[in-house]
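Let's look at how the chains in this assembly meet, one interface at a time. Have the structure open while you read.

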There are 4 protein chains.
Amino acid sequence: MGIRLGRNEYGKAEVRLVHVDRSASVHRIKDLNVSTRLRGDMEAVHTRGDNTNCLTTDTQKNTVYALAREHGVGAAEEFGLLLARHFTGEHASVHGAAVELQEFAWQRIPTSEGPHGHAFVRSGAETRTVVVTADRGGEWVVSGFEGLTVLKSADSEFRGFPRTRFTTLAETGDRILATDVTARWRYAAGWNAPGSAPEEAPEAVGWDAAYERVKGLVLEAFATTPSLALQQSLYAMGEAVLRERPDIAEIRFSMPNNHHFAVDLAPFGMDNPNVVFHAADRPYGRIEAAVERDDAPDAGPAWDSVPGFV
Amino acid sequence: MGIRLGRNEYGKAEVRLVHVDRSASVHRIKDLNVSTRLRGDMEAVHTRGDNTNCLTTDTQKNTVYALAREHGVGAAEEFGLLLARHFTGEHASVHGAAVELQEFAWQRIPTSEGPHGHAFVRSGAETRTVVVTADRGGEWVVSGFEGLTVLKSADSEFRGFPRTRFTTLAETGDRILATDVTARWRYAAGWNAPGSAPEEAPEAVGWDAAYERVKGLVLEAFATTPSLALQQSLYAMGEAVLRERPDIAEIRFSMPNNHHFAVDLAPFGMDNPNVVFHAADRPYGRIEAAVERDDAPDAGPAWDSVPGFV
Amino acid sequence: MGIRLGRNEYGKAEVRLVHVDRSASVHRIKDLNVSTRLRGDMEAVHTRGDNTNCLTTDTQKNTVYALAREHGVGAAEEFGLLLARHFTGEHASVHGAAVELQEFAWQRIPTSEGPHGHAFVRSGAETRTVVVTADRGGEWVVSGFEGLTVLKSADSEFRGFPRTRFTTLAETGDRILATDVTARWRYAAGWNAPGSAPEEAPEAVGWDAAYERVKGLVLEAFATTPSLALQQSLYAMGEAVLRERPDIAEIRFSMPNNHHFAVDLAPFGMDNPNVVFHAADRPYGRIEAAVERDDAPDAGPAWDSVPGFV
Amino acid sequence: MGIRLGRNEYGKAEVRLVHVDRSASVHRIKDLNVSTRLRGDMEAVHTRGDNTNCLTTDTQKNTVYALAREHGVGAAEEFGLLLARHFTGEHASVHGAAVELQEFAWQRIPTSEGPHGHAFVRSGAETRTVVVTADRGGEWVVSGFEGLTVLKSADSEFRGFPRTRFTTLAETGDRILATDVTARWRYAAGWNAPGSAPEEAPEAVGWDAAYERVKGLVLEAFATTPSLALQQSLYAMGEAVLRERPDIAEIRFSMPNNHHFAVDLAPFGMDNPNVVFHAADRPYGRIEAAVERDDAPDAGPAWDSVPGFV
C-alpha cells in the first residue's frame with residue numbers, strides 16, 4: 001500500500017482582461033475573464049516542493065496579457081486556442097492545457113448623433129463562455145453561455161407523473177415555466193481543419209455569428225415548443241441546435257426550474273387565474289442533460305474542465 | 001437616566017411578485033421585488049411583546065399579492081404608491097410607510113414570426129428601483145436604477161490633483177473611465193397634484209417614459225462629456241437630467257470608479273499604448289453626490305429608506 | 001432657479017489590509033477591509049473637473065498602508081481614528097472624514113504542540129465593523145458586527161396581532177426564532193477624554209474587550225429572553241447592553257426574521273410537533289430599531305456613513 | 001446520423017431542512033441544504049414530455065422532509081445514504097441517485113449559567129459537505145468541507161521555478177501563504193459492510209468524529225509543513241489524512257492561492273519587511289489535486305455529482 005499523487009491541475013484563475021482596439025476612431029472592446037489550467041509532469045512540486053517544472057501561475061497571467069498585445073483579441077474561442085496552444089507548445093512539462101473564458105458583452109451608448117465611438121454600456125443578459133482544451137491528442141472547443149433567464153407565461157403543463165405516498169403536487173394544464181439556461185456545446189472534430197470544415201463551421205461564418213445563431217435557436221425553441229415538462233423543452237432546444245448546425249457534436253444544458261407559485265388568494269375572497277405569482281428561490285428543480293449526435297466523435301477531455309456538468 | 005426605544009421600522013422584505021396580464025393574447029409581465037417598511041406606535045411590541053399594533057409582516061406580504069390582483073400592476077411607482085397609501089390609510093397605528101421596489105425587465109423572445117406573445121427573456125442590464133414614502137405630511141417618490149455599467153475608452157483624463165508625501169499616482173491624459181451607475185432621483189412635490197403637475201411630469205408622459213428618458217440622459221451625458229474627473233462626469237449627468245426634467249427636484253448618484261490599469265508589458269519588450277488593461281476589483285474609488293435645484297422643495301423623509309446614500 | 005451640487009463625499013472603498021506583527025516569534029495578524037470617505041471643498045472638481053482640492057483616492061489607499069507601517073494596527077477603532085484624524089488634520093480642503101472598517105477574525109491553528117505561532121484559521125462567524133467619523137465638531141465611534149446568526153428552538157411565541165382582511169397567519173405559542181444580527185453601537189461623547197472616561201470605557205478595558213463584552217451581552221439576551229416578538233428580543237438585547245455599558249449612548253439593530261416554517265406532513269400520515277422545518281429565503285421580515293439613553297449626547301454625523309440603517 | 005439524448009439527471013436542489021431533536025430538554029439541531037439527483041429511464045420525458053417515469057422533484061423534496069420525520073437526522077452521511085437508498089430502492093425507473101448535503105454548524109450560546117439548552121449561534125467557519133451516490137453497483141460516500149480559510153505568515157517560500165520570456169515574478173524565501181481549502185474524501189469500499197469495516201471506519205468512531213479528525217489533520221499539516229509551494233502543502237495535507245485513516249481511499253483538494261502582496265512603501269521612505277500586505281482578489285492561483293492510495297478501490301460514479309473537481 002502506498003500513497004501517491006492522483007489527477008491534478010493548476011493555473012491562474014480569473015484574469016480580468018479588457019482589450020481596446022483603437023486602430024480606428026470607433027473603438028472596439030473585449031472584456032474577458034480568463035482562467036488557465038495546466039497539466040503535466042507535476043509530481044516533484046507536490047511531493048518535494050521542487051518547482052522546476054512549475055510554470056508559475058504569475059507567468060500564465062502575464063502570458064494572457066502579452067498575447068493579447070501581440071495578437072489582439074478576436075473571438076473568445078480564438079483567443080482561448082491561442083493560449084492553449086502556447087502553453088502546450090512552448091513548455092515540454094505541460095502536457096495539456098484548458099483555458100476557460102467568460103465574455104461580458106458591451107454595446108455602444110446611443111446618443112442623439114448615433115452610437116458613440118468610444119463609450120459603452122454593458123448589456124447585462126447572458127455571459128458567453130468558452131472552454132478550450134488542448135493536449136497531445138488534439139484540441140476541443142466547448143462554447144456556451146450562462147445566465148440566460150427565460151419565462152413562458154402560457155403553453156406549459158405538467159401532468160401524468162407518478163403519484164407515490166410522498167406526492168402532493170397537483171397536475172396542471174397551465175403553469176409558468178421559467179429557467180436560467182446554461183448551455184455548453186462542443187464543436188465537432190475537424191471543425192478547424194482547413195478544407196474539411198463543413199460549410200457552416202465557425203471558421204466559415206465566424207465564432208461570433210455561430211454563437212449568436214445557437215443562442216437564437218435556443219431561445220426560439222424555448223418560446224415555440226409547447227411544454228409538457230422542462231425536460232422536453234430542454235431536448236427541443238438541443239435538437240433545434242443540432243439539426244441546423246452540423247459543426248456541433250453535442251450540446252449540454254443545466255437548467256433550474258425557477259418555480260413560480262400561483263398565490264392562493266381565496267382567503268381574501270379573490271380568484272387567481274394564473275395572474276399573481278410568487279417567484280420562489282429555494283428549493284428549485286434542476287435538470288441537466290446532453291443532446292448529441294449518435295455519430296459524434298469522442299469528446300476526449302473536452303468536458304474535464306467544464307465545471308458543474310454531469 | 002433611562003433607556004428607551006429610538007427610531008424603528010419593520011416590514012416584509014423582498015416579496016417576489018410576478019404579475020401576468022393575460023387580458024390580451026399578447027401577455028404582459030411585471031417582475032418585482034417589493035419590500036415594505038412601516039413606522040408607527042410600536043413601543044409596546046418592543047418593550048412588552050404586545051403585538052396589538054403590529055400589523056404582521058405576513059399580512060404585509062399578503063397585501064402585496066392581494067392588491068396586485070385587485071388593481072393590477074402598472075408602473076412600479078404607481079404600485080408603490082398604492083401600497084404606501086393602503087398601509088397608512090387603513091391602519092391607525094401605522095404613521096408612515098415606505099415601499100421599496102426593484103423591477104427586473106423582460107423582453108419578448110424574438111422568433112421567425114416576430115416577438116413571441118408569451119415567452120420572454122430577461123434583459124439583464126440595470127435594475128430599476130423605486131422608493132415611495134408616505135406619511136401624514138405627504139408622499140414622496142424616488143425613482144432610480146442600479147447596476148448600469150458604463151465605460152469610456154477615450155476622452156478621460158485625470159490631472160492637477162494635490163501631491164502629498166503619500167501620492168504616487170501619475171497624471172494621465174488618457175485613461176479608461178468605468179463605473180456602475182446607481183442613480184436615484186426625487187420627483188418634485190406637486191408632481192401628483194392634478195392641475196399643478198408640470199407638463200413633463202410623470203402623470204403626463206408616464207412613469208415608464210420618464211424612467212427611460214432619465215436613463216437616456218444619464219447615458220448620453222456620460223458618453224459625450226469629456227471627463228477630467230469622475231466627479232465631473234457625475235455632475236454633468238445630473239445637470240443634464242435636471243435641465244430637461246422640471247418635475248425632478250434632485251438626483252443622487254453613487255458610483256464606484258472601476259479601475260482599469262494599463263498592464264506594464266515593458267518586461268516583455270512590448271509597448272502598451274492603452275490597449276491591454278487589467279480590470280481591478282478592490283479597492284475601488286467611490287463617489288457619491290447629489291445634484292439639486294436650489295429651489296427644490298424639502299425632501300422630508302424621502303431618502304430615509306433609501307439604503308446606501310449619503 | 002439654478003442647479004447646484006448637493007451633499008457629496010468620495011473615497012477609496014475596500015482597501016484590503018493584512019498586517020503581520022512579527023515582533024515576537026508568535027505572530028499576530030490583523031485582517032481589515034478599510035474604506036475612506038472624505039467631505040470638503042469639492043465644488044470645483046464636480047463642476048469644472050478642477051482637481052486642486054481632490055486628494056486622490058489612490059493617495060488615500062496609500063495612506064492606509066503607510067500608516068499601518070508607521071503605527072502598527074491595534075484595535076480597528078484605534079486605526080480608524082488614526083486615519084480619520086490624519087485626513088482631517090493634514091488637508092485643509094478636507095472638512096470631514098469617515099473611515100469604515102470590517103475586521104475578519106483569525107485563530108491560531110491548534111496542533112498537537114498547542115496553538116501554532118504563525119498559522120491561522122479564519123473563524124468565520126460574525127464580521128466586526130467600525131465606522132469612525134471626524135470633523136471640525138468632534139469625533140464619533142460606532143462599533144458593531146454583522147452576520148451573527150442565531151436561532152432559538154423554543155421559548156418563542158407570536159400572538160395577539162391584529163387580524164385584517166389580509167391576515168392569514170395563525171397565532172403560535174411555539175415557533176423557531178432565527179435572525180442574523182447586525183448591531184451598531186455608538187460610544188458616548190467623552191469616552192476618549194482622559195480623566196473623564198467612565199471606568200468601563202473602551203480606553204480602560206480596551207476596544208477589543210468592549211467588543212467581546214457587547215457581543216456576549218447580545219447573545220445572552222437573545223438566548224435567555226422568552227420572546228413574544230422579534231422586536232421584543234431586539235429591545236432586550238439593546239437594553240442589556242446599555243444597562244451594563246455606560247460608555248455606550250445607543251445601539252441599533254437590523255435583523256431579518258429568518259422564517260422557519262414547520263412542514264405540513266399530514267398528507268403523509270405524519271404529525272410534525274415542531275421537529276421538521278423548511279428554512280425559507282425570501283421574503284423575510286425585517287426589523288430595525290435603536291435603543292438609546294434618554295440623555296444620550298447628540299449623534300452628530302456619527303451615522304451618516306453607516307449604510308443601511310434607519 | 002441521428003440525434004439522441006445523452007447523459008442526464010434531474011432532481012430538487014437546495015432543500016433547506018432544519019431538524020430539531022426535542023427529545024430531551026437540551027435540543028439538538030441539524031441544519032442541512034439537501035440536493036437530490038436521479039438518473040434512470042428518462043428518455044420519454046425528454047423526447048415526448050411523457051412523465052410516467054418522472055418522479056417529480058416536488059415529491060423528492062417531500063421525501064427529504066418526510067424521511068427526516070420518520071428517521072430523524074443523524075450524521076449528514078447517514079441521512080444521505082437513507083435518501084439515496086430510498087430513491088433507488090422504491091422506484092424502478094430510478095437507476096441511480098446522488099444526494100448532496102451541505103451542513104451548517106451551530107453551537108449553543110454561552111450564558112452565565114452555561115451553554116443554553118435551545119439557543120444557538122452559527123459557527124461560521126467551513127461548511128461540511130457530503131455527496132452520497134448509490135446505484136445498482138454499490139454505494140459511495142464522499143465527505144468534505146469547503147471554505148476553510150487558512151493563512152501562514154511564515155515558513156513559506158517559492159523558488160526555483162522556470163523563467164521564461166513572460167516571467168517577472170521574483171523568487172522569495174518568505175511569503176504569506178493563504179488559501180480557502182475545499183477538501184473531499186472518498187471512503188473506501190467496505191467501510192459500511194458490517195464485520196469488514198476497519199477499526200477506524202466511520203461506523204466505529206462515527207461519521208462526525210471522522211469528519212472532525214480529518215479536518216484536524218488537514219489543519220495541522222497545513223500549519224506544520226514548511227511550504228516550498230502550495231502544491232506541496234496540499235500533498236502533505238492529503239498524505240497526513242491517508243496515513244492515519246485506512247478507511248479513506250483518496251482525498252481531493254481545490255485550493256485558490258489567495259495572494260497577499262507586500263506593499264511597496266519605498267516611495268514613502270519606509271521599508272516593509274513583510275509586515276503590510278495587500279490581500280488581492282483576482283486573479284488568483286488555483287490548484288487542484290487528488291492524493292490517493294495505489295490500491296484504492298475503483299471510484300465508480302462517486303465523483304460524478306461532485307461539482308467543480310478535476
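What follows is a walk through two chain-to-chain contacts in a predicted model.

## The A–D interface: extent

Start with chains A and D. The contact draws 78 residues from chain A and 78 residues from chain D. Between them, these two chains bury about 6900 Å², and carbon and sulfur atoms account for 54% of that. On the chain A side, Ile3(A), Phe166(A) and Arg286(A) lose the most area to chain D, yet together they make up 10% of what that side buries.

By class, the residues on the chain A side that touches chain D split into 27 nonpolar, 28 polar and 23 charged.

## The A–D interface: what holds the elements side by side

Which elements of chain A give two or more residues to the side that touches chain D? The strands are S1 (3-13), S2 (15-21), S3 (28-40) and S13 (284-293), and the helices are H1 (43-48), H2 (57-71) and H6 (230-244). S1(A) has the largest share, with eleven residues.

S1(A) also takes part in strand pairing across the interface: it runs antiparallel to strand S13 (residues 284-293) of chain D, over nine bridges. To pick out one spot in that pairing, find Tyr10(A), whose bridge partner in S13(D) is Ile287(D).

## The A–D interface: polar links

There's plenty to click on here. Ten salt bridges are counted between chain A and chain D. One of them joins Glu288(A) to Arg37(D), with the closest N and O atoms 3.4 Å apart. Polar contacts across the A and D interface come to 38 residue pairs, both residues being at pLDDT 80 or more.

## How A and D are related

Two copies of a chain are related by a rotation about an axis and a shift along it. For this pair, a turn of 180° and a shift of 0.0 Å along the axis lay chain A on chain D with an RMSD of 0.0 Å. That's the relation of a two-fold axis. The two copies use the same surface, too: 100% of the contact residues of chain A recur in chain D.

## The D–B interface: extent

Now turn to chains D and B. Here the contact takes ten residues from chain D and ten residues from chain B. The area buried between chain D and chain B is about 850 Å², with 59% of it on carbon and sulfur atoms.

Which three residues of chain D supply more of its buried area against chain B than any other three? They're Phe268(D), Asp281(D) and Arg282(D), and they supply 50% of it. Sorted by class, the chain D side that touches chain B has five nonpolar, two polar and three charged residues.

## The D–B interface: polar links and axis

Chain D and chain B have two salt bridges between them. In one of these, Asp281(D) meets Arg282(B), with the closest N and O atoms 2.8 Å apart. The count of residue pairs in polar contact between chain D and chain B is two, both residues at pLDDT 80 or more.

Chain D superposes on chain B (RMSD 0.0 Å) after a rotation of 180° with 0.0 Å of shift along the axis. Asp281(D) turns up again here: of the residues of chain D, Asp281(D) comes closest to the rotation axis, its C-alpha lying at 3.4 Å. And as for the surfaces, the same one serves both copies, since 100% of the contact residues of chain D recur in chain B.

Note on methods:
Residues numbered from 1 in each chain as written. Chains lettered and ligands numbered in written order. Predicted model: local features only at pLDDT ≥ 70, side-chain atom pairs only at ≥ 80, totals over all residues. Heavy atoms only, no water. Contact = heavy atoms within 4.5 Å. Buried area = accessible area lost by both parts, 1.4 Å probe. Salt bridge = Lys/Arg side-chain N within 4 Å of Asp/Glu carboxyl O. Polar contact = N/O pair within 3.5 Å; in protein donor to acceptor, adjacent residues only side chain to side chain. Helix = DSSP H or I, 4+ residues; strand = E, 2+ residues; numbered from the N terminus. Nonpolar A, V, L, I, M, F, W, Y, C, P; charged D, E, K, R; others polar. Pairing = 2+ DSSP bridges. Least-squares fit on C-alpha atoms with pLDDT ≥ 70 in both.
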